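User: Please examine the structure shown below and answer a series of questions about its contacts, strand pairing and core.

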Amino acid sequence: MFKPNSKLQVELKFVELFGRGRVVKAMGSRISPDEARRAGLKCTSRDGLYVTELFVDGLQFATAADRDWRVAYKKLKIELEKLYADGSMVQS
């Protein structure tokens with residue numbers, strides 16, 4: 001059975017909640033502890049944080065961060081569900 005990777009799972013969750021017709025791109029990168037502090041993120045790890053972002057039609061829609069990249073993508077999916085429950089984007 002096909003199991004999509006974490007990045008694709010976030011993109012599919014967006015399509016499931018908000019519908020098709022938009023260009024959706026999930027991205028992630030590791031940042032150093034110093035960069036995290038400058039960005040206002042709490043970082044207790046010496047390895048830094050993994051920051052994930054979801055872009056919809058070229059605009060940043062949601063972000064999440066964690067020490068582990070897998071957890072960061074899961075948090076991004078949860079953030080999408082919160083935004084959908086709040087009704088912050090009209091379903092098309």
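User: Which backbone atom does the side chain of glutamate 11 reach, and at what separation?
Analyst: In this predicted model, glutamate 11 belongs to helix α1. Beyond its neighbours within four places in sequence, glutamate 11 is in contact with Val24, Lys25 and Ala26. With the last of these residues, the side chain of glutamate 11 meets the backbone nitrogen of alanine 26 at 2.9 Å.

User: Is glutamate 11 buried or exposed?
Analyst: The cut-off for a buried residue is a relative accessible area under 20%. Glutamate 11 has a relative accessible area of 17%, and therefore counts as buried.

User: What distance separates the C-alpha atoms of glutamate 11 and phenylalanine 55?
Analyst: Along the chain, glutamate 11 and phenylalanine 55 are 44 residues apart. Phenylalanine 55 falls within strand β2, residues 49-56. The separation of the two C-alpha atoms is 9.6 Å.

User: How many residues of strand β2 are buried?
Analyst: Strand β2 pairs with β1 (residues 24-31) in the antiparallel sense through eight bridges. It also pairs with β3 (residues 59-66), again antiparallel, over seven bridges. Of the eight residues in β2, the number buried is six.

User: Which residues are the bridge partners of methionine 27 in β2 and of threonine 52 in β3?
Analyst: Bridges join β1 to β2, and methionine 27 has its partner in β2 at glutamate 53. Bridges also join β2 to β3, where threonine 52 is matched with alanine 64.

User: What phi does aspartate 57 take in the hairpin of β2 and β3?
Analyst: Two residues lie between the strands of this hairpin. Aspartate 57 has a phi that is positive, near 55°.

User: Which element gives the most residues to the largest nonpolar core?
Analyst: This core has 16 residues, and those with the most contacts inside it are Val10, Phe14, Phe18, Leu54, Leu76 and Leu80. At least two residues come from each of α1 (6-18), β1, β2, β3 and α3 (69-86). The greatest contribution is five residues, from α3.

User: Which residues does leucine 76 touch, not counting those up to four places away in sequence?
Analyst: Leucine 76 is among the residues with the most contacts inside the largest nonpolar core. Val10 and Leu54, also in that group, are touched by leucine 76. The full list is Val10, Thr52, Glu53, Leu54, Ala62, Thr63 and Ala64.

User: Which residues are among those of the other core, which lies apart?
Analyst: That other core consists of five residues. Among them are Ile31, Ala36, Cys43 and Leu49.

Terms used. Residues are numbered from 1 along each chain as its sequence is written. This is a predicted model: local features need pLDDT of at least 70, side-chain atom pairs count only at pLDDT 80 or more; totals for chains, interfaces and linings use all residues. Side-chain values use heavy atoms; hydrogens and water are left out. Buried means under 20% relative accessible area, exposed over 50%, partly exposed in between (1.4 Å probe, protein chains only). Helices (H or I, at least four residues) and strands (E, at least two) are DSSP runs, numbered from the N terminus. Two strands pair if DSSP finds at least two bridges between them. A nonpolar core is a set of buried Ala, Val, Leu, Ile, Met, Phe, Trp, Tyr and Cys residues joined through side-chain atoms within 4.5 Å. Contact means heavy atoms within 4.5 Å. A polar contact is a pair of N or O atoms within 3.5 Å; within protein, one must be able to donate a hydrogen and the other to accept it, and residues adjacent in sequence count only if both atoms are side-chain atoms.
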